[in-house]
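Me: Please take a close look at one part of this model, and then show me how that part sits among the other features that can be described around it. I would like one connected account, with each term explained where it comes up.

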Amino acid sequence: MKFWLLLLLSLPLVTALVLLALRRALDQSLARKIALAGSAAALVASLMVAYEFQSLPTSGGSASPVHPRFELRHTWLTYAAVSDTSPEMHFDYFLGIDGISLLLIVLTTLLTVASVLISWDSIRDRAAEFYCCLLLLEASLVGVFCAFDVVLFYVLFEFTLIPLFFVIGIWGGPLRQYAAMKFFLYTFTASLVTLVGLVALVLAAAQAGVASPTSIPDLAAWLTANPLSRELQIALMLAISTGFMVKIPLFPFHTWLPLAHVEAPTAGSVLLAGVLLKLGTFGFLRLCLPMFPDACLTVGLPLFATLAVIGIIYGSLCALAQRDIKKLVAYSSIAHLGFCMLGLFALNAEGLSGGVLQMINHGLSTAGLFLLVGMIYDRYHTRQMDDLHGLATRLPLLACAMVFITMASIGLPGLNGFVGEFLSLAGMFQRDAVFAVLGATGVILGAWYMLGMLQTVFFGPLHEPTHGDQRVGDLNGREALAIVPICVLCLWIGVMPQPFLRTIQPDVDAIAALYAQPSRTASADRESSPSQPRANIVARPGSVVP
Amino acid sequence: MNAAIEQINQAIAIVAPEAILVATACLMFLVGSFLVTDSGQARSGLRHQFGVLALIALAGAAVVWLTLDAKPVDQGPFRSDQLLWIARTMSLGAGALVSLILWNQIDDAHAAEAQACLLAIVAGASLVAAANDLVTIFLALELVSIPTYVLLFLPRRNTAEREATVKYFLLSIFSSGLVLYGMAWLYGAAGTTNLTGISDTLTQSPGAATSGALLLAQGLLIAGLCFRMTAFPFHFYAPDVFQAVIPANAAMLSFVPKLVATVALLRLVPLTSGSTDLFQWAPTDSIRALLALIAVLSMFVGNLMAWRQKNLYRLLAYSGVANAGYLLVGFAVGPAPVVGSIHAAIFYLAVYGIMTIGAIALLSSATFDGGPLRQDSDLRGLSRTSPGAALLLAVCLLSLTGLPPTVGFFGKLNLFLAAWSVGDSLGRSLAICLALNAAIAAWYYLRLVALMYLEPMPESTAAVRTDWPSWTAGAVCAIATVCFFVAPQWLWMWLE
């Protein structure tokens, strides 16, 4: 496990450095082959990690609601005690794997391979540097998901900005500079607020005598045993969640997203929508939900659920109004991430499972949509719905893939979107039916704008822009290689979600156990089997029973 | 008799490295003047020999220092302690880097004097930390200042440069006067010039720390030293001087005076509180308030003014003002319980030195359209004309922003942890100001990175030249920022 995990982290990093070092000597065709080899090897390594993960014991009875099933630590920086009475503090390179991170890691490595494949012909200028950025992004994303130390988490969370800044800014569309600067400064500023919150939390823990105050499992265990006062919890939660709210992005903080998506090259959009946005929800899941249960229940639930519902409806309405397909997909992301947040803030096992699954589902389906939109753009150099009609006759396979992914995205039963949205909304229904009902309207709106787009662009009489002598061909083998695995996974999760749900179940249950459930009967018809109740956590004083 | 001889031996052992530097500087002054013809011409390539000689002298000083016994001494004219160890490492390191930047920026005829002045400045910076007497500290401060005036004036390229030198000279003299006046009050209060003696006397008289005379002394010392630190409101000379002088001098001015001022501040201002451990210095409330005010104003003024700059060196000068503010946060918050605030400040100083010298070295190593880079628009397309320099410069700029994976992140994080862990409202407000300023500063550093990478290459037929010694200095700095991020323990252990 240790070997595969380190290999998984180092493969993209080493490949990126090789590309950077040899960028003068490499032409486009060699650079992309090296990048493909590196990312494919990382995918294999992540699958090996997943394979070995099956045999790891689930550490039941842990005192912490966050517990990696495998861990690897090395001291990073130790502050020796300043005086005899003061505590020593240290940060670690603390890597670990739990079910949630495992799924997201495999999603990242899979989408990176797809990103390399989709950029195969379209990135000609400075190709080695482009692939270097993509692989650095992959390495840092995998790193965030494995990080169980607060400082390491934050460092990698911040680092993801740099490669994506270059990907958008150098290889993007006409407004790329503005989009890249806005994306960077907006998210950087917000994550500084997160840093304030994290520093306050870590120092409070250090002064309370926690042995390793930056370790997320230790922090969570300490906060479970000694809950902070509600006011302090609320302040810390709001500070820490600021960076995540912008990253997701929740409703009033979403303005950077459509711009960044429209200007980014296809590979950038795929990774941005597919994985990067999940850093926000993952941050909630890793830091806010396990650490500040009182705050999440009293302030977080009404606040974030309201913002999520507004995001769902507002994002869907914006998507309806778009004529640019890519922008439409970008706004649909805002809506889908809203479902994700509704699921997470249902604060019960169904909702959390649904939220996590929705993270994966959105990663797959939106990445698929961006890939297909990119393929259309490569062929016609336009993404305007007014210029493209009836493409199904010209591009039957591409249209077929588009219909499939669209169905997955709008949540057709039997495909992955349905499972995630259903669990999220079902979880929220138990917690607060109003949010669930309002959120459910997003499903209808989602079907409306996605099917409307599908009908305009792919069906009806053929009308395509003039495209010179260039022959427009259907999906080629390379493109199929990028999109087919995504379709297969969409179907797999839709038909048989149990393996995925089982992977995340212990982690989700551990978090859900922190929260009092509104009624016992409702949780009896859980789809996933109930966990061992942790009496000491459930019955702890200070937990709020609404 | 034996005791006196032993004390002299001890003192010589402490300052032997500086003696080597000063002796080499004298030798260079002497020999240099014979190698120049009456018309001011010199054999081409002479600068390489003096550059090598300067590096050898710096290496020799380091070797002598590390081989001599380094036991702590706090009696006599010189002292040897943790602060000397830290200051000497930084000044020798900065000296080597600036010497490399200076290498090709000075003509052959003036290379001997320029490198000799640099060695004298390095020696002075270490001596400030070694001095155990008000008089020696003042002499050491002047050993930094006077060669600086000469060094700034040596290239004599244009009137702007001369004007800048005169401006620096006049204001520097004024600040030296302030420091001297502060020292006089200190002497008046304690009746001795020996630092250990002053500390003993003042500790024994209760209420000394809050007496008006000592507050005045501290205020004057802080004002005089803040000039060197380019902290608000003593920063007005910095942009003009940085803009006009050669890049090597800008690199020197961006770091060495800050180092000197930090060391002198730590030696002189805590004397009144009678603290035995400098790293546990607890300033009185009025001094805390003064330092905090200067810190906050420096951060905001520096960063907001840097937004508007078109000239790269003016921008870096204002960024230096802001960084002086960050540095002063470490002094203003007082002793912190988890992460030592003075440790954090010195860590930041070292990190800032690496980043800013690196950035200036790389700026001066590249060319735009055949000429030096001066304006921000000159950076356009640098990632294509000089990809190596652009990448390394981007690393330094990201480090100045405080982004991972560079040690600039840890520099700010340490200060932030220290300020927050103090736990009072002053510490927390300073921490929040720091975070806010990191966000403000990100904009103008990022703009430079964007210019290098995101803008198309301008039409130019001029050949691209690279100043390799300067490039080397920059590369060392950029690589160091990444290495110290991966293993910050090396840098932190050196402080403890």
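Reply: A residue is called buried here if 20 or more other C-beta atoms, placed from the backbone, lie within 10 Å of its own, exposed if there are 12 or fewer, and partly exposed in between. This is a predicted model, in which local features need pLDDT of at least 70 and side-chain atom pairs count only at pLDDT 80 or more, while totals for chains, interfaces and linings use all residues. Residues are numbered from 1 along each chain as its sequence is written, and chains are lettered from A and ligands numbered from 1 in the order in which they are written.

The part to look at closely is A:Leu347, which sits in the loop that joins α14 (325-344) to α15 (349-380) of chain A; helices (H or I, at least four residues) and strands (E, at least two) are DSSP runs numbered from the N terminus. A:Leu347 counts as buried because 28 other C-beta atoms lie within 10 Å. Its backbone is also notable, since phi of A:Leu347 is near 60°, a positive value in a residue other than glycine.

A:Arg126 offers a second case, with a positive phi of about 50° although this residue is not a glycine either. A:Arg126 belongs to the loop between α3 (99-118) and α4 (127-146) of chain A, and it counts as buried because it has 20 C-beta neighbours inside 10 Å.

Loops also hold cis peptide bonds. In chain A the bond from A:Ile248 to A:Pro249 is cis, with omega near -10°, and A:Pro249 lies in the loop between α9 (230-247) and α10 (256-263) of that chain. In chain B the bond from B:Phe232 to B:Pro233 is cis, with omega near 0°, and B:Pro233 is placed in the loop between α8 (212-229) and α9 (237-244) of chain B.

A:Leu398, by contrast, is part of a helix, α17 (residues 396-410) of chain A. It counts as buried because 22 C-beta neighbours fall inside 10 Å. Leaving aside residues up to four places away in sequence, A:Leu398 touches A:Leu372, A:Met375, A:Asp474 and A:Leu475, where contact means that C-beta atoms placed from the backbone lie within 7 Å. The C-alpha atoms of A:Leu398 and A:Ala25, 373 residues apart along the chain, are separated by 36 Å.

For chain A as a whole, there are 22 helices and 2 strands, and 62% of the 546 residues count as buried. Of the contacts in chain A with a separation of 6 or more, 80% join residues 24 or more positions apart. The C-alpha trace spans about 75 × 55 × 40 Å along its principal axes. The radius of gyration of chain A is 23 Å, which agrees with the value near 24 Å for a compact globule of 546 residues; this radius is taken over C-alpha atoms, and the globule rule is 2.2 Å times the number of residues to the power 0.38.

Chain A also meets chain B, in a contact that takes 30 residues from chain A and 28 residues from chain B. On the side of chain A, β1 (70-79), α5 (150-159), α6 (161-171) and α7 (176-207) each supply at least two residues, and the largest share, 15 residues, comes from α7(A). That side of chain A divides into 23 nonpolar, 6 polar and 1 charged, with Ala, Val, Leu, Ile, Met, Phe, Trp, Tyr, Cys and Pro counted as nonpolar, Asp, Glu, Lys and Arg as charged, and the others, Gly among them, as polar.

Within chain B, the axes of helix α1 (residues 2-34) and helix α2 (residues 46-67) come within 8 Å and cross at roughly 160°; axes are lines fitted to C-alpha atoms, for helices over the stretch in contact, and angles run from 0 to 180 degrees between N-to-C directions. That angle makes α1(B) roughly antiparallel to α2(B), a term for angles over 145 degrees, whereas those under 35 count as roughly parallel, 65 to 115 as roughly perpendicular and the rest as oblique. The residues of the contact of α1(B) with α2(B) divide into 11 nonpolar, 2 polar and no charged.

Conventions
Two residues are in contact if their C-beta atoms, placed from the backbone, lie within 7 Å.
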